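Let's take a walk through this structure together, stopping at a few places worth a look. Please bring up the model and follow along.

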Amino acid sequence: MLLKLSLSSMRKMMKDYLVLLVGLVISISIFYMFQTLALNSDYTKNNSMISSIQIVFNVGAFLLAFITIFYIFYANSFLLSLRRKELGMYMVLGAKKGKISQILFLETLTMGIISLVIGSLVGIALASGIGVLLMNLLEISTDGYYPFYLPAVWMTWGFFLILFIITSTINATRLARATELALIRAEQQNDQIKSKGIGAVLVAILGVILLALGYTCLHLIMYLQALGFIVGAISCTIGTYLIFISLLPVLVQALKKNKKLNDSKLNAFTFAQLRFRVNNLTKILGTVAMLIGLGVGAMAGGLAFQQNVNLFTSVFHVYDVNLHDPVEADYEALKKMNVLEQNTYRYKVDDKAYYYLKEDLLANPLLISTNSTQNYSADNKPKLVTDPLPKETYIISASKEDNGKYDAVPEDWDKAISANFINYQMIEGKSVLVVDQATYEKTAGSEHKVLLAQVDDYLKYTQELKAMDERQKQMIGSIANVEVKDVYTSSKYSTYAGMYIFTSGTMFMGFFLGIAFLAMMASCLMFKILSGASRDKDRYSMLRKIGVRQSLLVGSIYKELFMVFIFPAIIGLMHVLLGMEMFSFILLDPYLNIWIPTLIFVVIYAIYYYITVQLYRGIVLPKEA
């Protein structure tokens, strides 16, 4: 009987439960997808590239779990508020409070289990689609990767079942403590308008000061480090709530006092609705603004890391191709590229040192980057090394025997040669010298050459560059007597590939984490608005009875809810735009392509806004007979 009543109630409130269900399914499916990569140790230990980003998915799963806990508690409290009058009537008609509490417990737990089943299926689909897409993007073998991974299922079901049981118990306990009269009269509570005064002014000033402090700490995070992040996060959070508590009611009151705006159409009613509603919305709007900041920030941060890979690689490497003793396959690959510049430099090797020919260097001076990770500008172009080399011999890297024996090469030459010629696995502790023609000819070692080239766009030739890099690894491995998988080349492609793998995982995690945050955030705002809709029903009914057109009332709903949605969106996006500066000490351009996550947020937010308007309209303006 209890189960029948519970299912009947759930069918009646299906629209409200669907909102909760969508948020839970998104959270559960993404959590499961992260776990398939975070827990599959047999797969990751055989794929060093995935192993390097495994921690990213562990962090993502932790953050998602933390926000999900908040979301479930918040959403269930709103659903309970929508049911209070109905449950109170059950008690008045003779139902025992314990039985009603059991009904609520079963409803909450049933909804949780349904969302777990659907979320797990969607998660498996995501893991088989998006997960495999990530592997293909990173050119990693999918052997050993299984979208249906039992440990990930157990982790997902264990975490969420415990969470659902806890929330179901809390809801039932809250209901058991409430009186029948309090439940029945829950919708009759009056909205209070807070008076303005010196207190509101002081709170507003304090909020602005805390936001300024928070942004400053995030801007100076390179110097303040962990302390700056902690202080910045706390200050921005508290400052956001204080701004909404103090300034939002004042802003709404200002709109109400603007005679031109107030007298237009139904604006007087719309602003009055906002005026009565706003004080109960300040806390949730502050929370929504912070969740917008986290959601869009997660996507923007993940994208910025991935998009900055090319910039970082260009800072470290001017030359796109760097080959020791190139073979015929390398020359054939170069013929397929649009080569802008290509030079070859000779060197000899004996049992003591590497000897680079000075005349080759002077005939074709090397380029060095004028950018650095601390001082980057897209306008900074590479420069030629023009320092003279008048002496017969210079040293770049010295063995114990040659330490202090020769003059060091000038700084720019050292930077250029170290970046383009030296692989420390190859030199095996030998000295690296720059010598003149006479000394070079006297050296009895074997002669080799290194080829440097620039192409029009190295990202167009990643397959050819990857093949070149693999051949270089085999050659270096044979010289250094190490396995190919342990060889590191100093090429531009090698640097790019290593950074691309990690940052792609970060972008992957950031986008899905951001989408989950935004979906849950918008759901919370939707729940808060709908929980007070029944109290607005009589006001709209009265206006309809005195002849106000339905179209004007619908327009008033769109306008009122748009203002409710737009306030936290503006503050949340401001947090993102100013907060992204915290990455400036590790990223060359933290704002690169930030319009992409912003657009995704706008689309998700607009969808939830439209759904909220339709649900709210269905409550306050039911279809007329």
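A good place to begin is helix H19, which contributes four residues to the lining of the largest cavity, the most of any element. Keep in mind as you look that this is a predicted model. Helix H19 covers residues 462–480, and strand E1, at 321–324, joins it in supplying at least two residues each to that lining. The full set around the cavity is Asp320, Val321, Asn322, Leu323, Leu465, Met468, Asp469, Gln472, Ser491 and Tyr493. The volume enclosed there is about 70 Å³. When the whole structure is searched, five cavities of 30 Å³ or more turn up.

Next, let's turn to the cysteines. How many disulfides does the structure hold? The count is zero. Cys217 is in no disulfide, and the nearest cysteine sulfur to it, belonging to Cys236, lies 8.3 Å away. Cys236 is likewise in no disulfide, with the sulfur of Cys217 as its nearest cysteine sulfur. Since a disulfide calls for two cysteine sulfur atoms within 2.5 Å, the 8.3 Å between these sulfurs leaves Cys217 without a bond of this kind. Are these two residues buried or exposed? Cys217 has a relative accessible area of 8%, so it is buried. Cys236 also counts as buried, because its relative accessibility is 6%.

From the buried cysteines, move out to the surface. There you will find a nonpolar patch made of Ile113, Ile114, Val117, Ile118, Leu121 and Val122. Together these residues have about 440 Å² of accessible area. Pick out Leu121 in this group: it sits in helix H6, which runs over residues 97–137. Leu121 counts as exposed because its relative accessibility is 57%, and the cut-off for that label is over 50%.

Finally, have a look at the backbone in two loops. Which loop holds Glu428? It is the one between helix H17 (424–427) and strand E8 (431–435). Glu428 is not a glycine, yet its phi is positive, at about 50°. With a relative accessible area of 44%, Glu428 is partly exposed. The other stop is Asn593, located in the loop that links helix H22 (550–579) and helix H23 (595–620). Here too a residue other than glycine has a positive phi, near 55° for Asn593. The relative accessible area of Asn593 is 27%, so this residue is partly exposed.

Definitions and conventions. Residues are numbered from 1 along each chain as its sequence is written. This is a predicted model: local features need pLDDT of at least 70, side-chain atom pairs count only at pLDDT 80 or more; totals for chains, interfaces and linings use all residues. Side-chain values use heavy atoms; hydrogens and water are left out. Patches are made of residues with over 30% relative accessible area and no salt bridge: like charges are joined within 9 Å, nonpolar side chains (Val, Leu, Ile, Met, Phe, Trp, Tyr) within 5 Å. Accessible areas come from the Shrake-Rupley method with a 1.4 Å probe; for residues, only the protein chains shown count as cover. A salt bridge is a side-chain nitrogen of Lys or Arg within 4 Å of a carboxyl oxygen of Asp or Glu. Buried means under 20% relative accessible area, exposed over 50%, partly exposed in between (1.4 Å probe, protein chains only). On a 1 Å grid over the protein atoms alone, a cavity is a set of points where a 1.4 Å probe fits but cannot get out, and a pocket is an open set with protein on both sides within 12 Å along at least five of seven lines; lining residues have an atom within 4 Å of a point. Grid points are joined across faces, edges and corners, and a volume is the space filled by probe spheres set on the points.
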